[in-house]
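Hi everyone, thanks for coming. I'd like to walk you through one protein model today, and I'll take it slowly so that nobody gets lost.

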Amino acid sequence: MDSWVPNPRAKPYIPKHKLFGSRSAGSRIREFSSRRCISKIFQGGLLLVLIVTVVINITFIMDTNKKLHTDPQVSDNIMKIPVERNHLGIESERKPQIVNLEVISSKELVFVSFDGTTVLQDEGFETNRGVHVLVLNQATGSVMAKRVFDTYNQKEDEAMVLFLNMISDGRIIIFTIKDEGSFQLKTTARHYLTKLGSESITDLGWRDTWAFVTVKGGKKMGEAHGKSSSLSTWGEKAVVHVQITLSPSSDSKCQWTGDDVISTRRQSFCSKVEGYGSVCSCTDPAPITFPRKQLDNNKISEIPIAVIASNRPHYLYRMLTTLLSVPGANPDMVTVYIDGYFDEPLEVTKLLGLRGIQHTPLGIKNARISQHYKASLTATFNYYPKSDFAIVIEEDLDVSPDFLNYFSQTKHLLEEDPSLYCISAWNDQGYEHSCKNESLLYRVETMPGLGWLLRRKLYKEELEPHWPTPDKQWDWDMWMRNNVVRKDRECIIPDVSRTYHFGAKGLNMNPYFQEVYFKKHSLVTKPNVKLKDLERMKQKEYESIIVELIKSGEVLSDKSNPCDDKFIPDTKDKTYILYIKMNSPVDYTTWKVLAKCFHIWDLDVRGFHKSMWRMFLKQNHLLIIGVPASPYAEYKPEHITPLFLNTTVTTQKTRR
């Protein structure tokens with residue numbers, strides 16, 4: 001500071017407020033107050049806008065949430081249709097929605113798009129031949145059903161007509177053919193499609209292409225038909241472009257009354273799925289709950305039932321409704337295991353108030369089926385850790401009213417007899433003409449499946465650890481029949497089955513196979529059948545039954561053709577014994593020909609006990625004994641020559 005020298009050129013300091021003149025203190029206060037007031041007004045306006053925005057958003061969220069819970073049309077798998085909203089985001093009255101639909105039919109491709117969104121695209125020449133059918137919701141455009149009917153094969157046209165009959169009026173139905181769809185499309189089906197509005201179906205020929213859009217109970221919306229010029233060529237690609245005006249949502253829903261839970265289940269199902277007929281009827285809906293029927297002396301009330309399912313939802317619905325109607329059925333003990341993440345089978349399960357479990361498929365073809373069974377059985381015993389048994393049944397089976405009563409009476413045999421492998425409700429040889437006695441049981445060395453009782457101990461200790469891996473293309477049931485696994489144990493079966501196989505579609509099934517080998521199987525149709533000789537089904541006691549029958553029976557020695565009706569005498573309630581040539585337990589030469597003659601299962605050898613088969617033919621009990629393979633061959637009279645047949649024997653009747 002001692003060295004500081006003032007600058008003579010520096011301007012003098014003037015306070016800032018002096019620059020604006022000499023204003024009074026009052027004017028300065030008024031200016032400050034005015035600024036503060038304007039600021040407060042601005043802040044208040046912002047706060048008001050914020051409050052209004054929050055209120056609007058809360059109202060919108062609550063309204064949307066309410067719609068999601070009350071409107072069954074809103075679901076994850078439904079195509080969202082835009083609605084008009086005002087500048088605040090609130091829904092306003094919308095105009096009728098017009099959407100564009102494109103449908104293509106060709107040799108190797110079927111394609112459907114809805115307003116630019118692909119809802120069906122199936123390419124490839126080797127798969128899914130026939131008529132593809134889609135059903136759309138007329139209010140939302142959502143896909144409610146997809147089916148493929150291979151009308152190159154018999155009976156598929158009948159299945160298609162049945163499905164179409166089950167669709168509700170008002171639904172949009174789309175048809176498109178890939179490869180060939182006319183060969184077995186008979187007059188009845190063509191007439192039905194004509195009633196739906198088709199003008200080309202009567203002229204549909206070999207390898208023609210065809211696309212058709214119509215409204216059930218309404219009018220045709222579009223159709224295209226490409227004619228094939230020769231047997232070796234396909235028609236030109238058929239394309240349909242149509243515009244559809246969507247209906248108000250109220251037109252596609254029913255207002256069901258009654259139990260809120262049941263109505264909600266029905267509403268949810270019927271808003272997503274089609275083709276179940278009266279289930280979704282507005283005026284007279286089919287029941288989806290079933291009164292619990294008591295089963296006297298029920299010994300299986302705590303045994304879980306594992307339903308093995310895939311993507312055949314109509315089969316599943318039919319099977320579950322028969323099962324839940326059986327005396328002793330407990331919905332809490334029923335679990336449906338679905339092989340893959342298919343929506344419709346799960347919706348069927350939820351409709352009926354049951355638990356459904358989906359899992360990721362492993363393997364392909366037969367290996368996939370095998371892994372599905374393993375996963376389902378493992379899950380069953382895990383979910384029910386206190387249960388020592390499980391009942392296993394497939395989705396394509398009807399069950400007898402006596403189904404659970406049958407297992408209730410036989411369960412103790414599986415507990416007490418270590419020589420038993422399973423209890424099955426199915427008789428492979430139980431056709432209408434080859435079985436008779438509803439109270440009669442057999443022991444067999446094969447594992448029939450098709451509704452069976454399994455012990456936890458067997459599964460956990462023997463089957464599960466050695467189950468075929470996903471890389472092995474083995475049938476699970478054939479593996480279980482292998483004596484390396486079976487270890488000489490046997491299964492109990494009824495003379496008359498307690499299940500009926502109705503499924504005509506599957507990996508190893510087609511309509512012809514169902515028609516020839518399963519359609520004429522017999523089924524017990526009444527409940528509470530009292531089984532005969534239960535305690536004599538154990539290993540030692542059963543042998544005495546067979547010996548008694550052989551000793552009391554009449555030996556057939558007729559040299560006539562066994563395919564002739566006269567081979568079995570025209571008597572009733574008699575026991576006959578037939579000795580056939582069988583050099584070893586695996587020599588089935590004569591048996592295979594005889595099975596064809598008798599019109600019973602002949603694709604492989606099943607249903608035998610110590611090289612002996614039992615059945616009823618022409619109301620008579622027949623025992624067929626292999627000589628010398630069977631230990632019962634010792635009872636053959638010396639003068640009797642065992643019957644020998646080979647493939648040169650011809651049948652004199654058409655099959656079944």
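Let's begin at a lysine. K610 has a relative accessibility of 35%, so K610 counts as partly exposed. Please keep in mind that everything on the screen is a predicted model. You'll find K610 in the loop between helix 14, residues 589–598, and strand 22. What catches the eye is its backbone: phi of K610 is near 50°, a positive value in a residue other than glycine.

For those new to backbone angles, most residues other than glycine have a negative phi, and most peptide bonds are trans.

A second lysine belongs in this part of the talk. K618 has a positive phi too, about 55°, although K618 is not a glycine. Look for K618 in the loop between strand 22 and strand 23. With a relative accessible area of 31%, K618 is partly exposed.

Follow the chain into strand 23, residues 620–628, and you reach P628. Which kind of peptide bond joins V627 and P628? That one is cis, with omega about 5°.

Now let me zoom out to the whole chain. It has 656 residues, and 51% of them count as buried. There are 14 helices and 23 strands. If we take contacts between residues at least 6 apart in sequence, 71% of them join residues at least 24 apart. As for the surface, the chain exposes about 32900 Å², and carbon and sulfur atoms supply 54% of that.

To make those contacts concrete, let's pick one residue. V103 sits in strand 1, residues 98–105. Is V103 buried or exposed? V103 is buried, with a relative accessible area of 0%. Leaving out residues up to four places away in sequence, V103 touches a list of residues that includes F111, V112, I174, F175 and V240. A211 and V213 are also among the residues V103 touches. F212 makes a nice example of sequence against space: V103 and F212 are 109 residues apart along the chain, yet their C-alpha atoms are separated by 7.9 Å.

Next, the disulfides. A disulfide is a covalent bond between the sulfur atoms of two cysteines. How many disulfides do we count here? The count is four. If you number the bonded cysteines along the chain, the pattern is 1-4, 2-3, 5-6, 7-8. I'll show you three of the pairs.

Here is one: C270 and C280, with sulfur atoms 2.0 Å apart. C270 is in helix 4, residues 260–270, while C280 is in the loop between helix 4 and strand 10, ten residues along. The turn about the S-S bond is -90°, and this link of C270 and C280 is left-handed. Both C270 and C280 are buried.

Then we have C422 and C491, whose sulfur atoms are 2.1 Å apart. The torsion about their S-S bond is about 120°, so this disulfide is right-handed. C422 lies in strand 15 and C491 in strand 18, so the pair ties together parts that are 69 residues apart in sequence. C422 and C491 are both buried.

The next pair is C563 and C597, with sulfur atoms 1.8 Å apart. Their S-S torsion is about -40°, so the disulfide is left-handed. C563 is in the loop between strand 20 and strand 21, and C597 is in helix 14, so the pair ties together parts 34 residues apart in sequence. Both C563 and C597 are buried.

Last topic: empty space inside. Rolling a probe the size of a water molecule over the atoms shows where empty space is left. The count here comes to two cavities of 30 Å³ or more.

The largest cavity holds about 70 Å³ of space. Strand 16 and strand 22 are the elements that give two or more residues to its lining. That lining has 13 residues, and Y442, V444, G607, W613 and R614 lie nearest the centre. By class, seven are nonpolar, four polar and two charged.

The second largest cavity has a volume of about 50 Å³. Its lining includes I300, S301, N330, M333 and L404. What is the mix of classes in the lining of this second largest cavity? Five are nonpolar, three polar and no charged residues appear.

That's my tour. Thanks for listening, and I'm happy to go back to any part of it.

Definitions and conventions. Residues numbered from 1 in each chain as written. Predicted model: local features only at pLDDT ≥ 70, side-chain atom pairs only at ≥ 80, totals over all residues. Heavy atoms only, no water. 1 Å grid on protein atoms, 1.4 Å probe; cavity = no way out; pocket = protein on both sides within 12 Å on 5 of 7 lines; lining within 4 Å. Points joined across faces, edges and corners; volume = space filled by probe spheres on them. Helix = DSSP H or I, 4+ residues; strand = E, 2+ residues; numbered from the N terminus. Nonpolar A, V, L, I, M, F, W, Y, C, P; charged D, E, K, R; others polar. Buried < 20%, exposed > 50% of the residue type's maximum accessible area, 1.4 Å probe, protein only. Contact = heavy atoms within 4.5 Å. Areas by Shrake-Rupley, 256 points an atom, 1.4 Å probe, with all protein chains shown as cover. Disulfide = S-S within 2.5 Å.
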